[in-house]
Amino acid sequence: RIYSKEVDKPSLKSNQQLVKSVPVDNKQSLKTHLRPLGFTGYKYAELTPNKTRRAQCANWLLYYREELFGFSIVELKERRRLKKEAEEAEAQRIAEETGNNPEDEWKPPVTEVY
């Protein structure tokens with residue numbers, strides 16, 4: 001396969017958008033779902049851009065199956081709202097116990113898709 005910029009750019013960009021749409025909590029889905037089946041991970045020497053992209057696409061499919069499939073937009077929004085409220089309550093509880101402000105902590109930038 002040729003990985004020149006002209007040939008590879010469209011698939012690279014579309015794959016980057018796909019990976020960006022997966023929440024941080026679901027980034028390791030491939031490992032967690034396949035480890036019971038004997039998957040030990042990839043070796044650095046065997047990785048190619050194609051294998052990496054396939055793994056990222058498989059990870060997105062697992063995320064879709066586990067988190068999105070079978071739910072309406074209304075249900076997904078309600079789940080997001082409940083999750084956000086639970087995170088805020090937990091942050092408030094930690095702030096009260098420790099006296100630290102959780103907003104001062106660094107969090108990875110997240111772009112929510114749905």
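Visitor: Is R81 buried, exposed or partly exposed?
Guide: This is a predicted model, in which local features need pLDDT of at least 70, side-chain atom pairs count only at pLDDT 80 or more, and totals for chains, interfaces and linings use all residues. Residues are numbered from 1 along each chain as its sequence is written, and side-chain values use heavy atoms, with hydrogens and water left out. Buried means under 20% relative accessible area, exposed over 50%, partly exposed in between (1.4 Å probe, protein chains only). R81 has 37% relative accessibility, so R81 is partly exposed.

Visitor: Which residues are linked with R81 in a network of salt bridges?
Guide: A salt bridge is a side-chain nitrogen of Lys or Arg within 4 Å of a carboxyl oxygen of Asp or Glu. R81 pairs with E78, the closest N and O atoms being 2.4 Å apart. R81 also meets E85, at 2.4 Å, N to O. The network therefore links R81 with E78 and E85.

Visitor: Why are R81 and E85 separated by about one helical turn?
Guide: An α-helix has 3.6 residues a turn, so residues three or four places apart point the same way. Helices are DSSP runs (H or I, at least four residues), numbered from the N terminus. R81 and E85 lie in helix α4, and their spacing there is four residues.

Visitor: Which residue forms a salt bridge with E97?
Guide: E97 is exposed, at 58% relative accessibility. Its partner lies four residues away in helix α4, about one helical turn. The N to O distance is 2.6 Å, and the partner is R93.

Visitor: How far apart are the end C-alpha atoms of α3?
Guide: The expected span of a helix is 1.5 Å times one less than its number of residues. For the 20 residues of α3 that gives 28 Å. The model agrees, with the end C-alpha atoms apart by 27 Å.

Visitor: Which helix gives the most to the lining of the second largest pocket?
Guide: On a 1 Å grid over the protein atoms alone, a pocket is an open set of points where a 1.4 Å probe fits, with protein on both sides within 12 Å along at least five of seven lines; lining residues have an atom within 4 Å of a point. This pocket holds about 350 Å³, a volume being the space filled by probe spheres set on the points. Of its 16 lining residues, the closest to the centre include L30 and Q56. With six residues, the top contributor is α3.

Notes
Helix = DSSP H or I, 4+ residues; strand = E, 2+ residues; numbered from the N terminus.
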